[in-house]
Structures are given as structure tokens and as C-alpha cells.
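Subject: Structure handover

Hello,

Here is the structure for you to look through. My notes on what was found in it follow below the entry.

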Amino acid sequence: MSDPIRVIIVDDEWLVRAALRVFLESADGFELVGEAENGADAVALVRSERPDVVLMDVQMPKMDGIEATRRMTQEFPGIKIVALTTFSTERVIVPMLSAGASGFLVKDTSPDRILDAARLAHEGGYVLSPRVAKELVASVQQSDARAPRDLTPAEDRKG
């Protein structure tokens, strides 16, 4: 049997942390090694506990999840961060992924899918909620439609 995946939960809402704690403690293959209610405390907790995976909220006091993720992935390149938030807009998704997150889930994700995402991230994979994937595709398609394109040779000659 392999070692359990060591997980930290980071969320400013007590109820969310409690629910995630129940899911993790009842699942095989996971060990909950800590909880934090803001990004600053999470960075300190990661330094002391060295988890494999962090389930990270995005919007929090003191330090948001984007900055906490950036600091964690810079200091601990092997750490895997899965964002778990209510916000699924491009202005939140892209910075979180750019900061080094391995996944981005919305909080209406089922407990089994959250656990699967933590496993997949731990194995080096990436995971997005369907709603997040849809938002990213729409954003890319919109920006592609607005982006200047190269002229064909015939268009260039007409110039």
C-alpha cells in the first residue's frame, strides 16, 4: 500500500473546511495534515507540514489564494494546488493557473470529484470543473476572434 496523500485545506469559511475535512478523513488514501483560514497562514502551514496537495480557496483575507499559490509553488516546486472556489470567471481562473495551480474546481463539485482531483493533481495531472473549462474555451475563442491575423499573400498584395 502506498503512502497516503498529505492534504491541507485552505478556506476562510469554517463550514467549507469542516465539510472537506469530513470527506478527506473518510476517504482511503488521504491524510489531512492541517487547515488554514487565509493564504498567509497557509504558506506558513505548508512550510511546517510539507503536504502533497493543497485544496485552496481563492478569495480570502490577509492573502488571497492566488498569491499564496504563487508563493507555495515558488518555494516548493513539487507541491500541487487545487483551487476550490465559487468564482469561475477568467479574471480569477487564469491568474490562479498562472500562479501554478494544478486544478480549478467550483465549490458545487461533488466530494468524489474533489478527491479525484486531489489524486490526479498528486499524480501530476490537471483538472478543471466543466464550468471552468467552458469559461476558458469561451475566453480563448473570444480573444482569438479579436486577435489580428496574418494577411494572406493576396490580401498583402492589395495592401
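How many bridges join β3 to strand β4? There are 4 bridges between β3 and strand β4 (residues 80–85), and the two strands run parallel. Two strands count as paired if DSSP finds at least two bridges between them.

Before the rest, a note on the source. This is a predicted model, in which local features need pLDDT of at least 70 and side-chain atom pairs count only at pLDDT 80 or more, while totals for chains, interfaces and linings use all residues. Residues are numbered from 1 along each chain as its sequence is written, and side-chain values use heavy atoms, with hydrogens and water left out.

**Overall layout**

The protein chain has 7 helices and 6 strands. Helices (H or I, at least four residues) and strands (E, at least two) are DSSP runs, numbered from the N terminus. Along the sequence, the pattern is β-α-β-α-β-α-β-α-β-α-β-α-α. Of the 159 residues in the protein chain, 42% are buried. Buried means under 20% relative accessible area, exposed means over 50%, and partly exposed is in between (1.4 Å probe, protein chains only). Among contacts (heavy atoms within 4.5 Å) with a separation of 6 or more, 62% are between residues 24 or more positions apart.

**The sheet**

The 6 strands form an open sheet in the order β2-β1-β3-β4-β5-β6, with parallel pairing. The edge strands, each pairing on one side only, are β2 (30–36) and β6 (127–128).

Strand β3 (residues 53–56) is worth following residue by residue. In a regular strand the side chains alternate between the two faces of the sheet. In β3, Val53 and Leu55 point one way, Val54 and Met56 point the other way, and all are buried. On one side, 4 bridges join β3 to strand β1 (residues 5–10), and these two strands run parallel. Within that pairing, Val7 has Val53 as its bridge partner, and Ile8 has Val54. Val54 also stands opposite Ile81 in β4.

Two helices can be placed against these strands. Angles here run from 0 to 180 degrees between N-to-C directions, and axes are lines fitted to C-alpha atoms, for helices over the stretch in contact. Helix α4 lies across β3, β4, β5 (103–106) and β6, running at about 145° to β5. Helix α5 (residues 111–122) packs on the sheet and touches β1, β2, β3, β4, β5 and β6, with its direction at about 155° to that of β4.

**Helix against helix**

Two packed helices are described by the angle between their axes and the distance between the axes. Helix α3 (residues 65–75) appears in both of the pairs below.

Helix α2 (residues 39–49) packs against α3 at an angle of about 20°, with the axes 9 Å apart. The two are therefore roughly parallel to each other; angles under 35 degrees count as roughly parallel, over 145 as roughly antiparallel, 65 to 115 as roughly perpendicular and the rest as oblique. Their crossing is right-handed. A crossing is right-handed if the near helix is turned clockwise from the far one by less than a right angle, and left-handed if anticlockwise. In this contact, Gly39, Ala42, Val43, Val46 and Arg47 of α2 meet Ala68, Arg71, Met72 and Glu75 of α3. By class, these residues are 5 nonpolar, 1 polar and 3 charged. Ala, Val, Leu, Ile, Met, Phe, Trp, Tyr, Cys and Pro count as nonpolar, Asp, Glu, Lys and Arg as charged, and the others, Gly among them, as polar.

Helices α3 and α4 (residues 90–98) pack at about 15°, with their axes 8 Å apart. This pair is therefore also roughly parallel, but α3 passes α4 in a left-handed crossing. Gly65, Ile66 and Thr69 of α3 make the contact with Val92, Pro95 and Met96 of α4. Its residues are 4 nonpolar, 2 polar and no charged ones.

**Two arginines**

Arg17 lies in helix α1 (residues 14–26). Arg17 counts as buried because its relative accessibility is 8%. Apart from neighbours within four places in sequence, Arg17 is in contact with Ile9, Asp11, Asp12, Glu35, Ala36 and Glu37.

Arg47, in helix α2, is partly exposed, with a relative accessible area of 42%. With neighbours within four places again left aside, Arg47 contacts Glu75 and Phe76. Arg47 and Phe76 are 29 residues apart in sequence, and their C-alpha atoms are 8.6 Å apart in space.

Regards
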